[in-house]
Amino acid sequence: MSAEPDLDALFAAALAAQQKAYAPYSRFKVGAAILADDGKVYPGCNVENAAYPVGACAEAGAISAMIAGGAGAIRAIVVIGDGAELVTPCGACRQRIREFAAPETPILIAGPDGIRARFSLAELLPASFGPANLPK
């Protein structure tokens, strides 16, 4: 991976996305922002639904935006949520990130006041299953 990502820009994009989240049921808004291999930042927010299981996570929205934008790999991602606890990606989103990220890809966890923790994908999803596991 090249130079350190602009964490201020990623944080700002994730915070802006979080503020737009649609969370009328849980009232728990999450934002995400991906720095992709094309150098662009792709935001996403959680979108809930009255039929609870059909909602979408912020990370999934950001990944969809990245793919729709023509990029193909995650260089870094910021996930932001409120509260005292770290808001890390859920298990399904860790696997979604894995599809487009290298083991050393930074996953930065933020609260309203800034970055709280930094993990690599390998730390959050050790010994993961990915594209290399499937025959070509």
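Trainee: Where is Tyr-22 placed in this predicted model?
Mentor: Tyr-22 lies in the loop between α1 and β1.

Trainee: Why does Tyr-22 count as partly exposed?
Mentor: Its relative accessibility is 43%. Buried means under 20% and exposed means over 50%, with partly exposed in between, so at 43% Tyr-22 is partly exposed.

Trainee: What makes the nonpolar surface patch that includes Tyr-22?
Mentor: Tyr-22, Tyr-25, Val-47 and Tyr-52 make it, with an area of about 430 Å². A patch residue needs over 30% relative accessible area; Tyr-22, at 43%, therefore meets that cut-off.

Trainee: Why are β2 and β5 said to stand at the edges of the sheet?
Mentor: The sheet is open, and its five strands run in the order β2-β1-β3-β4-β5 with mixed pairing. β2 (41–45) and β5 (114–120) each have a single partner strand, so one side of each lacks a neighbour in the sheet. On average, neighbouring strands are turned by 20° against each other, direction ignored.

Trainee: How do you know that β4 and β5 pair?
Mentor: Pairing requires at least two bridges. β4 (residues 106–111) and β5 have six, in the antiparallel sense, so they count as paired. One residue pair linked by a bridge is Ala-110 with Ile-115 of β5.

Trainee: Which strands does each helix touch where it packs on the sheet?
Mentor: Helix α1 (residues 7–19) touches β1 (30–36), β2, β3 (74–81), β4 and β5, and its direction makes about 140° with that of β1. Helix α2 (residues 58–68) touches β1, β2 and β3, and its direction makes about 145° with that of β2. Touching here means heavy atoms within 4.5 Å.

Terms used:
Residues are numbered from 1 along each chain as its sequence is written. This is a predicted model: local features need pLDDT of at least 70, side-chain atom pairs count only at pLDDT 80 or more; totals for chains, interfaces and linings use all residues. Side-chain values use heavy atoms; hydrogens and water are left out. Helices (H or I, at least four residues) and strands (E, at least two) are DSSP runs, numbered from the N terminus. Axes are lines fitted to C-alpha atoms, for helices over the stretch in contact, and angles run from 0 to 180 degrees between N-to-C directions. Patches are made of residues with over 30% relative accessible area and no salt bridge: like charges are joined within 9 Å, nonpolar side chains (Val, Leu, Ile, Met, Phe, Trp, Tyr) within 5 Å. Accessible areas come from the Shrake-Rupley method with a 1.4 Å probe; for residues, only the protein chains shown count as cover. A salt bridge is a side-chain nitrogen of Lys or Arg within 4 Å of a carboxyl oxygen of Asp or Glu. Buried means under 20% relative accessible area, exposed over 50%, partly exposed in between (1.4 Å probe, protein chains only).
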